[in-house]
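Please open the model in your viewer and keep the sequence panel beside it. The tour below goes from the whole chain to single residues, with a selection to make at each stop.

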Amino acid sequence: MKQQQEELKPGLKQQQEELKPGLKQRHLTMISLSGVIGAGLFVGSGIIIGQTGPGAILSYVLAGLIVVLVMRMLGEMATVNPNTGSFAVYAREGIGEWAGFTTGWLYWFFWVIVIALEATAGAAIIHSWLPSVPVWVISLSLIILLKLTNIFSVKSFGEFEYWFSIIKIISIILFLCLGVAVILGFIPTIKPPGASNLLNFGGFIPNGLSSVLVGVAIVFHAFVGVEIPAIAAGETSDPVKSVRSALNSVVWRILIFYIGSIAILVTLLPWNSASLLKSPFVAVLEMMGIPSAALIMNIVILIALLSCLNSGLYTSSRMLFSLAQKGDAPKLFSKVSKNGVPILAVVGSTIFAFISTIFSYVSPDKIFFFLVNSSGGVGILVYLAIAVSHLRLRKRMEKENPGIFKIKMWLFPYLTYVTILSMISVLILMAFIDSQRPQFIFTMLFSLIVICSFFFLRRKKAKYMENELNIVSGSPNSEKL
């Protein structure tokens with residue numbers, strides 16, 4: 001393992017020379033804190049509650065538990081080898097080159113589709129304020145605006161994300177404080193609901209335990225993004241410390257921001273309330289008598305969408321940069337500016353996001369439908385790759401250098417096996433859920449295409465190298481070229 005560590009150090013040094021450590025600890029702290037706060041919480045939570053009832057709390061707890069365990073594994077590997085390629089690199093080392101190639105491209109694809117989705121959703125909100133401006137113009141403008149912040153320097157990305165994160169966190173904390181105040185009876189104008197909304201409308205799990213499990217499969221997608229600090233840590237001055245503090249905080253981030261918010265929502269309003277299903281946070285704020293509740297939440301949701309769009313551009317460009325470094329993408333994407341930014345990787349990701357956004361308007365029910373559903377199950381596949389990589393790399397590292405770990409996975413290897421089986425179960429469950437089945441089918445199909453492309457490209461590259469060798473050596477076979 002010492003030899004392996006020595007091999008890793010030059011790579012890390014080279015990477016840090018190219019991607020300058022422009023992110024400060026405060027940037028990464030805020031990015032890690034707000035990584036789970038997105039439109040999936042503000043809007044998507046109403047869908048889960050409508051299908052599961054108050055038992056949605058359990059769905060979030062179970063999905064959150066799986067994510068916490070996966071992030072613990074990622075933290076263990078990332079503190080040993082901080083790398084911009086993160087889990088794609090670990091998949092390559094732990095499973096094989098095909099796994100690194102597949103994980104990296106799937107993750108890149110996932111985020112460029114997210115960029116298109118967030119830009120479209122954000123444009124819809126702005127269009128409601130500026131109806132004279134076409135939605136597609138707003139969508140593309142948002143992508144261009146945040147592309148500029150990513151191209152200038154990694155510090156500019158960090159600053160934008162820092163302030164986006166502060167606004168999101170303050171909003172959630174204020175919501176939690178107001179919710180707790182109502183529940184405890186500290187607001188005299190509102191009668192505390194007690195446990196009536198949790199138990200009086202069909203019980204805590206009105207649609208049965210199966211609905212809770214179905215909820216886990218749907219909720220899981222909302223947590224994708226908590227792994228971003230492991231990618232961004234490579235551009236900080238102290239990657240190991242940054243990874244450790246960011247990923248160690250995953251437990252209470254999920255507990256407070258997601259589970260806390262859902263608990264307040266289902267306690268304050270009946271789970272089958274039409275207003276809760278439509279816009280849960282707006283419904284609760286209106287119940288509290290907050291003026292302009294809809295406008296306030298639209299502003300917060302827009303900021304959450306812009307934050308996710310900003311992170312998507314950053315994350316996709318860094319993954320494309322890492323793929324190019326490993327020879328899995330064109331080498332031009334590994335070039336960086338004098339500010340240490342992989343500009344061509346940012347531009348490449350932006351162009352694909354542009355194309356996807358255009359498809360959302362010209363072919364929403366065909367091409368865009370395929371793209372969105374092809375990326376739907378990527379989060380689970382990536383997390384599954386993290387867990388399997390951890391299982392194999394941990395065993396190898398323990399034999400070679402057991403004292404190398406700064407963070408250690410709990411109850412290894414038993415919890416790792418349990419986590420892997422849980423994620424496989426979630427994938428299988430997706431195949432039997434009507435709303436999730438297209439995502440399962442298209443994601444599996446797209447993943448198979450990516451895997452096949454790896455072996456095709458490797459075979460083509462090997463044939464090219466063989467021909468070049470024949471030419472250099474003067475082999476008779478060169479005459480056929």
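## The whole chain

Of the 481 residues of the chain, 55% count as buried, where buried means under 20% relative accessible area, exposed means over 50%, and partly exposed lies in between, with a 1.4 Å probe and protein chains only. This is a predicted model, in which local features need pLDDT of at least 70 and side-chain atom pairs count only at pLDDT 80 or more, while totals for chains, interfaces and linings use all residues. Residues are numbered from 1 along each chain as its sequence is written, and side-chain values use heavy atoms, with hydrogens and water left out.

Show the chain as a cartoon, and its secondary structure appears as 22 helices and zero strands; helices (H or I, at least four residues) and strands (E, at least two) are DSSP runs, numbered from the N terminus. The radius of gyration is 23 Å, close to the 23 Å that the globule rule gives for 481 residues, so the chain is as compact as a globular protein of that length. That radius is taken over C-alpha atoms, and the globule rule is 2.2 Å times the number of residues to the power 0.38. If you rotate the C-alpha trace along its principal axes, it spans about 90 × 55 × 45 Å.

Among the contacts (heavy atoms within 4.5 Å) with a separation of 6 or more, 79% are made by residues 24 or more positions apart. Switch to a surface view: the accessible surface comes to about 20400 Å², and 68% of it belongs to carbon and sulfur atoms, as computed by the Shrake-Rupley method with a 1.4 Å probe, where for residues only the protein chains shown count as cover.

## The salt bridges

How many salt bridges does the structure hold? There are six, a salt bridge being a side-chain nitrogen of Lys or Arg within 4 Å of a carboxyl oxygen of Asp or Glu.

Select Arg92 and Asp328, which form one of these salt bridges, with their closest N and O atoms 2.1 Å apart. Arg92 lies in helix H6 (residues 87-94) and Asp328 in the loop between helix H17 (293-325) and helix H18 (343-362), so the pair ties together parts that are 236 residues apart in sequence. Arg92 is buried, at 17% relative accessibility, and Asp328 is buried as well, with a relative accessible area of 15%.

Next select Glu235 and Arg318, whose side chains meet in a salt bridge at 2.9 Å, N to O. Because Glu235 lies in the loop between helix H12 (228-232) and helix H13 (239-248), and Arg318 lies in helix H17, this pair ties together parts that are 83 residues apart in sequence. Glu235 is buried at 0% relative accessibility, and Arg318 is also buried, at 0%. If you keep Arg318 selected and leave aside its neighbours within four places in sequence, you will find it in contact with Thr84, Val154, Ile231, Glu235, Val341, Pro342 and Val346.

Move on to Glu398 and Arg394, a salt bridge in which the closest N and O atoms are 3.1 Å apart. The two residues are four apart in helix H20 (residues 378-400), which means that about one helical turn separates them. Glu398 is partly exposed, with a relative accessible area of 32%, whereas Arg394 is buried at 4%. Add Glu76 to the selection, since salt bridges that share partners join Glu76, Arg394 and Glu398 into one network.

## Three more residues

Select Thr357, which is found in helix H18. Is Thr357 buried or exposed? At 0% relative accessibility, Thr357 counts as buried, and, apart from neighbours within four places in sequence, Thr357 is in contact with Ala116, Thr120, Ser139, Leu140 and Ile143.

Then select Ala263 in helix H14 (residues 250-268), where this residue counts as partly exposed at 24% relative accessibility. Draw a distance from Ala263 to Phe157: the two are 106 residues apart in sequence and 33 Å apart in space, C-alpha to C-alpha.

Finish at Ile424, which has its place in helix H21 (residues 414-431) and is partly exposed, with a relative accessible area of 35%. Ile424 and Leu384 are 40 residues apart along the chain, and their C-alpha atoms are separated by 7.8 Å.
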